[in-house]
Amino acid sequence: MRDYSASQKTITNVYPGLFELMTPETEEAFVRFIGYLEGIGDKDQLEQEFLARLLDRLKRQSETDLPWFTSHNAGHSLRVLQKMQRIMFESPDFLSRIYQRYDLQKHPKKHDIAMLLGSFVALVHDIGYSEFVNIKNTPKHVHAQLGAEVVDTHFLQPLKQLLPMALSTEKRVLTAVFDAVSYHNADDSRFTSRGFKKRLISLVKRQREFYGLSKTYHPASIKEEPFLVLLRFADNLDFSRNRLFAHQQSELYLHLLDSLSVIKHNVSYRGSDEWAAFLREHYLDQMKQPVIDHRFSESEEFRILKHDLESGEEPVYPGGKLSLMATALLSALPGDFSHVYSNYIVDDVRYQRRADGNYVAVRFASDSFDAAPLVKNYQLKRMAESLTSCSMAPSRLVDRVFINSISESGEKETFPLSAYTWMHRPDGGSITKDPFLTERLIGPKW
């Protein structure tokens with residue numbers, strides 16, 4: 001591993017907690033990113049200033065990591081970084097597409113530039129969460145647009161100074177970085193397609209009116225948007241138990257969240273006072289049930305949660321008086337159980353490249369397969385929807401999913417990705433030729 005003592009000092013000064021979120025694999029990936037940053041030019045001071053700015057944003061992202069969602073802290077960004085670098089290393093076609101798209105074929109540092117930009121996009125794709133928490137009642141998907149605004153305002157000009165590229169290439173590259181962050185979650189075909197549209201980067205801060213901003217669908221081609229395709233691929237490989245907070249892995253938390261999953265309600269947004277009051281009473285009633293009381297009443301977490309619920313404190317985050325478990329439960333929505341549990345039962349998701357050049361996704365799951373198919377496959381459906389939004393022109397990025405659960409015949413199960421996408425297309429038609437098969441595999445549309 002190369003020496004990165006100057007950058008280590010920058011990390012220690014700006015975000016020392018980053019070391020605690022690193023595994024040996026993600027640390028190696030981060031060191032490689034620093035190597036690319038230091039290798040594209042001879043601008044030591046600018047490089048360290050750029051790194052410090054990035055670390056500050058990753059720190060804010062971790063400090064505002066909302067406990068009712070799966071974790072979107074810097075640890076997630078590091079894992080996406082490691083997965084993206086691996087894909088780029090093992091798939092020369094991705095690098096060649098980047099060279100072609102941005103006229104880098106003859107550039108002496110084309111590899112470092114491509115790897116630097118891919119690594120940067122991976123690290124910053126979720127920095128909009130630190131902005132999202134400050135805008136009440138804003139839909140979660142807006143974090144992508146907010147993150148793109150942060151990239152626009154704080155990073156594109158420094159990147160422009162660091163990258164040794166021609167002006168024509170520079171503009172397209174900076175636009176690609178902005179768009180990759182802005183559209184990384186625009187991968188659900190149930191929403192209206194906006195198509196591919198080039199943007200000119202403006203460092204003028206645009207007005208933030210997100211209340212009426214609708215989610216849109218933005219399919220991506222490796223030919224036109226290789227960084228966006230790479231980001232969606234790597235981001236969707238990071239769903240497993242690693243994404244959960246400690247309180248989300250508690251049996252008590254899962255049991256109580258499951259009790260909420262069957263409730264129908266008319267509250268339009270998370271965090272309203274009337275919804276939090278209803279949840280407090282619901283959970284207190286659940287904790288009086290014999291099955292709950294028998295299993296958990298002697299535990300310390302049960303005592304703390306009961307005290308928090310009875311206190312009447314508001315679930316303010318960050319900085320509130322309640323425990324993370326109480327804050328998360330009092331901010332929960334019924335659909336959260338599917339999201340949390342589908343991560344809880346997965347040990348790892350990886351990909352493999354076949355001889356024909358296509359990819360397959362492989363899920364390594366725990367033995368907890370007692371949940372309904374809709375619940376246990378929730379995140380696989382989202383991954384499938386995201387990956388089918390990406391094309392290798394003309395083939396799909398990924399065409400099959402393998403699961404390591406064993407079928408009745410004793411064989412590993414394998415399904416085409418279409419079986420994991422949503423029950424209906426936006427036009428109302430079935431996504432498979434056999435609607436019964438679709439429903440049997442993924443359950444009714446939730």
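Helices and strands are DSSP runs, of at least four residues for helices and at least two for strands, and are numbered from the N terminus. In the predicted model described here, helix H3 (24-39), helix H5 (74-90) and strand E2 (346-353) each supply at least two residues of the lining of the second largest pocket. The largest share comes from H5, which gives 4 residues to this lining. The volume of the second largest pocket is about 370 Å³. Its lining comprises 20 residues, of which Thr 23, Gly 75, Arg 79, Asp 238 and Asn 242 are the closest to the centre. Classified by residue type, the lining of this pocket has 8 polar, 7 charged and 5 nonpolar residues.

Helix H3 also contains an aromatic pair, formed by Phe 30 and Phe 33. The structure holds 12 aromatic pairs. In the pair of Phe 30 and Phe 33, the ring centres are 5.7 Å apart and the planes lie at 40°; the pair is therefore tilted, because the tilted class covers planes that are neither under 30 degrees nor over 60 degrees apart. Phe 30 and Phe 33 are 3 residues apart in helix H3, which means that about one helical turn separates them.

A further feature is the packing of two helices. Helix H6 (residues 92-101) packs against helix H12 (residues 226-237) at an angle of about 150°, and the two axes are 9 Å apart. The arrangement of H6 relative to H12 is therefore roughly antiparallel, since angles over 145 degrees fall in that class. On the H6 side, the contact involves Phe 94, Ile 98 and Arg 101, which meet Pro 226, Phe 227, Val 229, Leu 230 and Phe 233 of H12. Of the residues in this contact, 7 are nonpolar and 1 is charged, with no polar residue present.

Beyond H6, the chain enters the loop between H6 and helix H7 (110-124), where Asp 103 lies. Asp 103 has a positive phi of about 55°, although this residue is not a glycine. A second backbone feature is the cis peptide bond that joins Tyr 317 and Pro 318, with omega about -5°. Pro 318 is found in the loop between helix H16 (300-311) and helix H17 (324-329). For context, a negative phi is found in most residues other than glycine, and most peptide bonds are trans.

Enclosed space was also examined. The count comes to 1 cavity of 30 Å³ or more. The largest cavity has a volume of about 40 Å³. Its lining is made up of His 141, Gln 145, Ser 182, Asn 185, Ala 186, Lys 215 and Thr 216. By class, 5 of these lining residues are polar, 1 is nonpolar and 1 is charged. The charged residue is Lys 215 and the nonpolar residue is Ala 186.

Technical notes:
Residues are numbered from 1 along each chain as its sequence is written. This is a predicted model: local features need pLDDT of at least 70, side-chain atom pairs count only at pLDDT 80 or more; totals for chains, interfaces and linings use all residues. Side-chain values use heavy atoms; hydrogens and water are left out. Axes are lines fitted to C-alpha atoms, for helices over the stretch in contact, and angles run from 0 to 180 degrees between N-to-C directions. Angles under 35 degrees count as roughly parallel, over 145 as roughly antiparallel, 65 to 115 as roughly perpendicular and the rest as oblique. Contact means heavy atoms within 4.5 Å. On a 1 Å grid over the protein atoms alone, a cavity is a set of points where a 1.4 Å probe fits but cannot get out, and a pocket is an open set with protein on both sides within 12 Å along at least five of seven lines; lining residues have an atom within 4 Å of a point. Grid points are joined across faces, edges and corners, and a volume is the space filled by probe spheres set on the points. Rings of Phe, Tyr and Trp (its six-membered ring) pair if their centres lie within 6.5 Å; planes under 30 degrees apart count as stacked, over 60 as edge-to-face and the rest as tilted.
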